[in-house]
Amino acid sequence: MSIHNSLFLEIANCQSSDEPLRRILTDLAIATMQPGGAPYGLLAQGAVGVEDGFIAWVGSPDDVPAGWRGAETESFGGRLMTPALIDCHTHLVFGGNRAHEFEMRLKGATYEEIARAGGGIVSTVAATRALSEDELVAQALPRLDRLMAEGVATVEIKSGYGLTVEDELKMLRAASRLGTLRPVRVKTSFLGAHAVPAEYKGRPDAYIDEVVLPALDAAHAEGLADAVDGFCEGIAFSPAQIARVFDRAALLGLPVKLHAEQLSDLGGAKLAAFCGALSADHLEHLGPDGVAAMAASGTVAVLLPGAFYVLRETRLPPVAELREAGVPIALATDCNPGSSPLTSLLLAMNMGCTLFRLTPEEALAGVTRHAARALGLAVQIGTIEAGKRAELAVWDVGHPAELAYRIGFNPLYRRVVGCWL
């Protein structure tokens with residue numbers, strides 16, 4: 001049986017009925033990931049009541065509410081339940097690959113040198129432009145299936161490899177279609193300000209005027225963008241240029257996020273915080289002012305250890321400072337063809353611990369509670385508590401720390417998703 005077919009079978013049977021569809025999931029250890037209590041919000045022996053795709057209650061198997069006595073019950077044999085995982089930063093839709101650049105980096109070329117020589121993001125643009133929407137969907141589906149097979153139920157997907165009005169819209173349409181072909185929530189981010197294409201070399205402001213802003217307007221009109229992103233870096237766009245894009249996003253009522261401080265500190269995180277951004281991502285070169293600004297605004301720090309690993313970076317993001325300031329820390333794969341060809345969120349968790357010194361609890365919070373916040377979905381998903389959507393993952397492990405501990409091993413027993421899909 002294919003991965004996506006087996007995943008479809010995991011969805012609760014949500015046929016129309018005059019009666020609420022109720023189901024009790026029991027004989028579980030439950031890492032609720034609610035803050036302020038036991039580590040991981042752990043219930044050593046728990047049960048969950050699911051009604052019409054939402055969590056109705058969480059508690060002891062001995063304290064099932066009276067009105068639920070006749071509900072269908074399924075036992076999970078003492079396995080661990082967590083919220084379904086959330087990959088809050090990906091570039092999942094693209095054409096081609098950049099394996100040759102992997103070889104170049106191993107021979108000593110830096111990310112910036114490759115980009116300035118016409119490689120990097122711009123090299124993926126030609127491959128992406130050459131594909132139809134259908135072809136982009138077909139190439140992205142196997143990557144999406146790999147994420148879902150590790151318990152992912154929500155994934156963010158960015159544009160940014162088209163760099164023309166129509167090609168950016170094509171990418172966003174392809175990303176949106178993925179959510180109709182698989183039982184997964186897709187959140188789209190418009191990333192027209194990702195790189196300056198060859199035809200606009202040396203004219204970034206003209207590119208913003210003639211491509212980015214019109215494409216953003218068109219994406220919004222078509223309902224294709226859930227958020228607006230940008231790449232604030234010396235090889236991409238300045239804070240002033242990103243601010244112009246964010247001003248348009250504000251006029252359209254779209255939230256923003258930003259690739260910031262990956263290769264240098266241009267003050268992108270401070271700009272993102274000033275604009276009330278959902279997240280600032282990468283952050284290896286984040287300074288104290290940026291940390292303070294993010295703490296004040298509630299902007300989530302999204303760390304991307306896959307890119308750090310592939311690019312063989314040595315400067316760590318300031319995890320201790322972020323932790324001390326109370327900045328929420330999320331983790332994501334950053335799945336993309338160049339700097340992070342990673343389709344394992346479990347491996348990203350391990351990397352977050354081994355490379356960035358997160359604790360296993362912080363890593364799991366980073367792909368559940370904080371990842372939901374980074375997408376503006378904290379009210380709906382990310383923890384196991386009454387009122388949230390029933391998007392859950394059940395694992396063949398004895399303790400939540402095992403999810404970040406193992407390397408190259410997938411202990412998923414089942415995704416449990418509500419009938420909203």
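## Exercises on strands, helices and salt bridges

His259 in strand S9 has Asp281 as its bridge partner in strand S10. The model is predicted, so local features need pLDDT of at least 70 and side-chain atom pairs count only at pLDDT 80 or more, while totals for chains, interfaces and linings use all residues. Residues are numbered from 1 along each chain as its sequence is written, and side-chain values use heavy atoms, with hydrogens and water left out.

### Exercise 1

Determine which strands pair with S9 and in which sense.

**Solution.**

Step 1. Strands (E, at least two residues) and helices (H or I, at least four) are DSSP runs, numbered from the N terminus. Two strands pair if DSSP finds at least two bridges between them.

Step 2. Strand S8 (residues 227-232) is joined to S9 by two bridges, in the parallel sense. Within this pairing, His259 of S9 faces Phe231.

Step 3. On strand S10 (residues 279-282), four bridges connect to S9, and these two strands also run parallel.

### Exercise 2

State the hand of the unit made by S8, H8 and S9, and of the unit made by S9, H9 and S10.

**Solution.**

Step 1. A crossover is right-handed if, with the strands pointing away from the viewer, the path from the first strand over the helix to the second runs clockwise.

Step 2. The β-α-β unit of S8, H8 and S9 is right-handed.

Step 3. The β-α-β unit in which helix H9 (residues 268-274) lies between S9 and S10 in the list of elements is right-handed.

### Exercise 3

Decide whether the residues on the two faces of S9 (residues 257-260) are buried or exposed.

**Solution.**

Step 1. Buried means under 20% relative accessible area, exposed over 50%, and partly exposed in between (1.4 Å probe, protein chains only).

Step 2. Lys257 and His259 occupy one side of S9, and both are buried. Leu258 and Ala260 occupy the other side, and they are buried as well.

### Exercise 4

Identify the salt-bridge partners of Glu133, Arg244 and Lys388, and classify the accessibility of the residues in each pair.

**Solution.**

Step 1. A salt bridge is a side-chain nitrogen of Lys or Arg within 4 Å of a carboxyl oxygen of Asp or Glu. This rule gives 22 salt bridges.

Step 2. Glu133 is bridged to Arg177, with N to O at 3.1 Å. The two residues are 44 residues apart, Glu133 in helix H5 (residues 133-148) and Arg177 in helix H6 (residues 165-181). Glu133 is partly exposed because its relative accessibility is 22%; Arg177 is partly exposed at 29%.

Step 3. Arg244 is bridged to Asp209, with the closest N and O atoms 2.2 Å apart. This pair links helix H8 (residues 239-252), which holds Arg244, to helix H7 (residues 204-221), which holds Asp209, across 35 residues. Arg244 is partly exposed at 28% relative accessibility, and Asp209 is partly exposed at 41%.

Step 4. Lys388 is bridged to Glu385 at 3.4 Å, N to O. Lys388 counts as buried because its relative accessibility is 9%, whereas Glu385, at 27%, is partly exposed.

### Exercise 5

Describe the open sheet of six strands: what is its order, and which strands form its edges?

**Solution.**

Step 1. The order is S3-S2-S1-S4-S13-S14, and the pairing is mixed.

Step 2. Strands S3 (54-59) and S14 (412-417) are the edges, each pairing on one side only.

Step 3. One of the pairings joins S1 (residues 22-31) and S2 (residues 42-51), which run antiparallel over seven bridges. Here Arg22 stands opposite Glu51 in S2.
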